[in-house]
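My notebook is open and I want to look a few things up in this structure. I'll go entry by entry and keep each one short.

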Amino acid sequence: MTAHTLTVGFDLDMTLIDSRPGIKAAYQALSARTGTYVDADLAVTRLGPPLEEELRNWFPEEKIAETGDLYREIYTTHAIEPTLAMAGAREAMAAVHAHGGRAIVVTAKHEPNAKLHLSHLGIEADAVIGWLWAEAKAEALREHGATVYVGDHTGDVRGARTAGALSVAVATGPCDAAELRAAGADVVLGGLAEFPAWLDAYVTGGAVG
């Protein structure tokens, strides 16, 4: 990869995929397996942070590690099939490739499960890096030379800014446009359907915002 190659990073949940139906099903199965109540409808309204943060709302700290492992096991059976691609997701990745660039996915999700989602939905990424949240996402963004990071959460904005990348936020997740702007997003789009036109302008030297 040359220094001038365009590399764009994308978050996964609620940026490229609508994982709410799948995650709801996984939490319901987890609740049935453990006998511990989990409000799955509530849990899917706050996607973005690592799984363990959500589990702490329902399980004692000493159970978090084993419950997380169980959830990730359950996930492959219950969460992949119901999950949908976000509108414009495939087109956004294709737009990066059309400019000769690389499109990578940097997510807090368990990396094997992230890859399962992308494969199932036919979303083509040049690299998938999991287990990174908020500022920690900067590790992968820097390693891959990403100059743009697209996400739906204020944590994604922080990750982009920590990496010195342009933060492009989509208001399709738990954070609205005002929250994303307040967190320091350089660009706020309604969704990924707007991304190809923005990228065309960005690559040709147009205005960022």
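Before I start, one definition: I call two residues in contact when they have heavy atoms within 4.5 Å. I also remind myself that this is a predicted model.

**Entry 1: Ser167**

I looked up Ser167 and found it in strand 7, which covers residues 166-170. Is Ser167 buried or exposed? Its relative accessible area is 1%, so I wrote it down as buried. Next I asked which residues it touches, leaving aside neighbours within four places in sequence. My list for Ser167 reads Tyr149, Val157, Ala160, Ala185, Asp186 and Val187.

**Entry 2: helix 8**

Two names on that list, Val157 and Ala160, are also among the buried residues of helix 8, so I went there next. How many of the residues of helix 8 are buried? I got 7 of the 10 in the run 154-163, which means that the helix is largely enclosed by the rest of the structure. Besides Val157 and Ala160, the buried ones are Thr154, Gly155, Asp156, Gly159 and Ala163.

What do these buried residues pack against? I found helix 7 (137-143), strand 6 (148-151), strand 7 and helix 9 (177-182). Strand 7 is where I had found Ser167. One more detail: Gly164 comes just after helix 8 and takes a positive phi of about 75°.

**Entry 3: Thr107**

Thr107 sits in the loop between strand 4 (102-106) and helix 6 (111-121). I noted it as buried because its relative accessible area is 1%. Which residues does Thr107 touch, not counting those up to four places away in sequence? I wrote down Asp11, Leu12, Asp13, Ala114, Ile129, Gly130, Trp131, Leu132 and Lys137.

Asp11 and Lys137 from that list turned up again when I looked at salt bridges: together with Asp156 they are linked in a network of them. Asp156 is one I had already met, as a buried residue of helix 8.

**Entry 4: more salt bridges**

How many salt bridges are there in the whole structure? My search found 11. I picked out a few to look at.

Glu52 and Arg72 meet through their side chains, at 3.2 Å from N to O. Glu52 is in helix 3 (residues 51-55) and Arg72 in helix 4 (residues 64-78), so this pair ties together parts that are 20 residues apart in sequence. Arg72 counts as buried, at 14% relative accessibility; the cut-off is under 20%.

Arg72 also forms a salt bridge with Asp69, where the closest N and O atoms are 3.6 Å apart. Here both partners lie in helix 4, 3 residues apart, or about one turn of the helix.

Then I checked Glu111 and Lys115, whose side chains meet at 3.3 Å, N to O. Both are in helix 6 and 4 residues apart, again about one turn. Why does that spacing suit a pair? An α-helix has 3.6 residues a turn, so residues three or four places apart point the same way. Glu111 is partly exposed at 23% relative accessibility, and Lys115 is partly exposed too, at 42%.

**Entry 5: the two domains**

The chain is divided into domain 1 (7-16 + 86-206) and domain 2 (19-80). Their contact takes 13 residues from domain 1 and 15 from domain 2. I also noted that the C-alpha centres of the two domains lie 24 Å apart.

How much area do domain 1 and domain 2 bury between them? It comes to about 1,200 Å², with 66% of it on carbon and sulfur atoms. On the domain 1 side, Met14, His117 and Trp133 lose the most area to domain 2, together 37% of what that side buries.

How many salt bridges run between the domains? The count is 0. For polar contacts, the rule finds 3 residue pairs across the interface. The side of domain 1 that touches domain 2 has 6 nonpolar, 5 polar and 2 charged residues.

**Entry 6: Ala136**

Last lookup: Ala136 is in the loop between strand 5 (127-129) and helix 7. At 25% relative accessibility, I put Ala136 down as partly exposed. The C-alpha atoms of Ala136 and Glu124 are separated by 23 Å, with their positions 12 residues apart along the chain.

Terms used
Residues numbered from 1 in each chain as written. Predicted model: local features only at pLDDT ≥ 70, side-chain atom pairs only at ≥ 80, totals over all residues. Heavy atoms only, no water. Buried < 20%, exposed > 50% of the residue type's maximum accessible area, 1.4 Å probe, protein only. Domains from an automatic or database assignment. Buried area = accessible area lost by both parts, 1.4 Å probe. Salt bridge = Lys/Arg side-chain N within 4 Å of Asp/Glu carboxyl O. Polar contact = N/O pair within 3.5 Å; in protein donor to acceptor, adjacent residues only side chain to side chain. Nonpolar A, V, L, I, M, F, W, Y, C, P; charged D, E, K, R; others polar.
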